[in-house]
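Work through the exercises below with the sequence and coordinates open. Each task is followed by its solution in steps.

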Amino acid sequence: MERAEKLNMEKLEQVTGGNYGGSSGNWVSARVKASGGLYRFSKSGSKFSNTGRIFVPCGEYITVDKGRAQGVYVIAFYNDQEGWVDSRGLEWL
């Protein structure tokens, strides 16, 4: 069952930090379009490595901080967790 959750932008703009620091506040909604879901990536310096763990299944709606992006990788928030994901697997809303 797909369901879109509306984001309270006022509350999102007050959020800062997280595991990856920063307070860009460039929050956007996205839907996972990658058929196999989104994998979590680990970052070491400027290199990203696929951890082999699915972070978000296909069809789910997530919040992404486009202000914390490097190349095609962005910080995504899902189920009270955050992690680097490949933005090419997202449909921006």
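**Exercise 1. State the accessible surface of the protein and the share that belongs to carbon and sulfur atoms.**

The accessible surface comes to about 5,900 Å², by the Shrake-Rupley method with a 1.4 Å probe. Carbon and sulfur atoms hold 44% of this surface. The model is predicted: local features need pLDDT of at least 70 and side-chain atom pairs count only at pLDDT 80 or more, while totals for chains, interfaces and linings use all residues. Residues are numbered from 1 along each chain as its sequence is written, and side-chain values use heavy atoms, with hydrogens and water left out.

**Exercise 2. Identify the largest nonpolar core and the strands that supply it.**

Step 1. A nonpolar core is a set of buried Ala, Val, Leu, Ile, Met, Phe, Trp, Tyr and Cys residues joined through side-chain atoms within 4.5 Å; buried means under 20% relative accessible area (1.4 Å probe, protein chains only).

Step 2. The largest core has 12 residues, including Ala 30, Leu 38, Phe 55, Val 74 and Leu 90.

Step 3. At least two residues each come from β1 (27-32), β3 (47-56), β4 (61-70) and β5 (73-78), strands being DSSP runs of E, at least two residues, numbered from the N terminus. The largest share, 3 residues, is from β5.

**Exercise 3. Is Ser 87 buried or exposed, and which residues does Ser 87 touch?**

Step 1. Ser 87 sits in the loop between β6 (81-86) and β7 (90-92).

Step 2. Ser 87 counts as buried because its relative accessibility is 16%.

Step 3. Leaving out residues up to four places away in sequence, Ser 87 touches Val 72, Val 74 and Trp 92; contact means heavy atoms within 4.5 Å.

How values were computed:
Helices (H or I, at least four residues) and strands (E, at least two) are DSSP runs, numbered from the N terminus. Buried means under 20% relative accessible area, exposed over 50%, partly exposed in between (1.4 Å probe, protein chains only).
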